[in-house]
Amino acid sequence: GVIVAVSGGPDSLALTFVAAEICVEKKIDFEAVVVDHGLRSEAAGEASKVVETLKVRGIRCCCLRITAPPPSSGKQAWAREQRMQLLCDYAQQTASAVLFAHHYDDQAETVAMRLARSSSIVGLSAIAAVRTYQGVLFARPFLGLRKVELIAICKACKAEYFIDPSNVDQVFERARVRAFLQQPEQWLLQQQLVQLSSLSARLSTRLADALDEWCAKHIVF
C-alpha cells in the first residue's frame, strides 16, 4: 500500500489528490495520514478538518497525534523526528510505502542551509528522492516541481488548504532562507542550489561505490 503524509498545506494536499487518483487506477491500497504535532492550539481542529475534507472526497484518511510534550527549544526538529517515527510505525503496521510532498523550493532551501553550515558532499545532496528508513520506503515524487505548481493543483481541485504560520515565522532559519530565495532576483540562485544537490548526490554515490570496491579488495573479515 501507499500512504501520504498530509499537513493540510497545498504541497501535501496536491500530492494526496495526485497519488490517490493513480492508486485507484493501479488498484493500490491508499490512505492519507494527518499528523497532529500539538504545537499550536489550532492544530487539532485543523487536522480534523483535513481528515473530514478528504473523506468527503472519497479519500481514506486518518489522524495520528503526538502525545509526548515538546521540548523548550528545537521544537521543529523534535516535531519532525516524532512525525517520522509515527509514520514509520504506521507504515510497518500497514505494509506501506510513505510519500512526502517535499518539492523543488524545499530542496533549494535545504542546500542553502547546509552550505551555511559547511556541510560535506553527502550533506549537500540534501533531500533524497527515495530512501529506506527502519525498513520503510520513503519517496518524494515532487522534488522536480515548484510550490506554485502544487498550489495550482489545489486550485484546480478547488481544495481549501492551511498555511502553517511557522512556515513564515522569521524566528526559524528555514523561514528566513525561504523568504530570501523567493525573491524574483534569486530564482537563478535557487536553480543553482538544486543543481548542486543533484551533482552532490551523484558524486556521493560514486564515492560510496568506490569505497565499497576498495573495502572488498583490501579488507578481510
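The exercises below, each with a worked solution, concern the predicted model shown above.

Residues are numbered from 1 along each chain as its sequence is written, and side-chain values use heavy atoms, with hydrogens and water left out. Because the model is predicted, local features need pLDDT of at least 70 and side-chain atom pairs count only at pLDDT 80 or more, while totals for chains, interfaces and linings use all residues.

**Exercise 1. Overall fold**

Task: State how many helices and strands the protein chain has, and check its radius of gyration against the value for a compact globule.

Solution: Begin with the elements, where helices (H or I, at least four residues) and strands (E, at least two) are DSSP runs numbered from the N terminus. The protein chain has 8 helices and 6 strands, and from the N terminus on they run β-α-β-α-β-α-β-α-α-β-β-α-α-α. Next take the radius of gyration, computed over C-alpha atoms, for which the globule rule is 2.2 Å times the number of residues to the power 0.38. For 221 residues the rule gives a value near 17 Å, and the protein chain has 19 Å, which agrees. The C-alpha trace spans about 60 × 45 × 40 Å along its principal axes. Finally, consider contacts (heavy atoms within 4.5 Å): of those with a separation of 6 or more, 70% join residues 24 or more positions apart.

**Exercise 2. Helix α1 and its surroundings**

Task: Test whether the length of helix α1 agrees with its residue count, and find which elements its buried residues pack against.

Solution: The expected span of a helix is 1.5 Å times one less than its number of residues. For the 17 residues of α1 (residues 10-26) this gives 24 Å, and the end C-alpha atoms are 24 Å apart, so the two values agree. For burial, the classes are buried (under 20% relative accessible area), exposed (over 50%) and partly exposed in between, with a 1.4 Å probe and protein chains only. The buried residues of α1 include Leu 13, Phe 17, Ala 20 and Cys 23, and the buried residues of this helix pack against β1 (2-6), β2 (30-36), α2 (43-56), β4 (97-99) and α6 (147-156). After the helix comes Lys 27, in the loop between α1 and β2; its phi is near 60°, a positive value in a residue other than glycine, and with a relative accessible area of 75% Lys 27 is exposed.

**Exercise 3. The nonpolar cores**

Task: Describe the largest nonpolar core and say which element supplies the largest share of this core.

Solution: A nonpolar core is a set of buried Ala, Val, Leu, Ile, Met, Phe, Trp, Tyr and Cys residues joined through side-chain atoms within 4.5 Å. The largest one has 26 residues, and those with the most contacts inside it are Val 4, Val 6, Phe 30, Val 34, Leu 54, Ile 59 and Leu 99. At least two residues of this core come from each of β1, α1, β2, α2 and α6, and the largest share, 7 residues, comes from α1. Ile 59 illustrates the packing: leaving aside residues up to four places away in sequence, Ile 59 touches Thr 16, Phe 17, Ala 20, Phe 30, Ala 32 and Leu 54. A second, separate core of 18 residues includes Leu 64, Tyr 90, Val 98 and Phe 100.

**Exercise 4. Aromatic pairs and cysteines**

Task: Give the geometry of the aromatic pair, and explain why Cys 88 is too far from the closest cysteine sulfur for a bond.

Solution: Rings of Phe, Tyr and Trp (its six-membered ring) pair if their centres lie within 6.5 Å; planes under 30 degrees apart count as stacked, over 60 as edge-to-face and the rest as tilted. The whole structure yields 1 aromatic pair, formed by Phe 100 and Phe 138, which are stacked at 5.6 Å centre to centre with 20° between the planes. Phe 100 lies in the loop between β4 and α4 (104-116) and Phe 138 in strand β6 (residues 136-139), so the pair ties together parts that are 38 residues apart in sequence. Both Phe 100 and Phe 138 are buried.

For the cysteines, a disulfide is a pair of sulfur atoms within 2.5 Å, and the search finds 0 of them. For Cys 62 the nearest cysteine sulfur, that of Cys 61, is 6.2 Å away. The sulfur of Cys 88 is 15 Å from the closest cysteine sulfur, in Cys 62, and therefore too far for a bond. Cys 62 counts as buried at 16% relative accessibility, and Cys 88 counts as buried at 0%.
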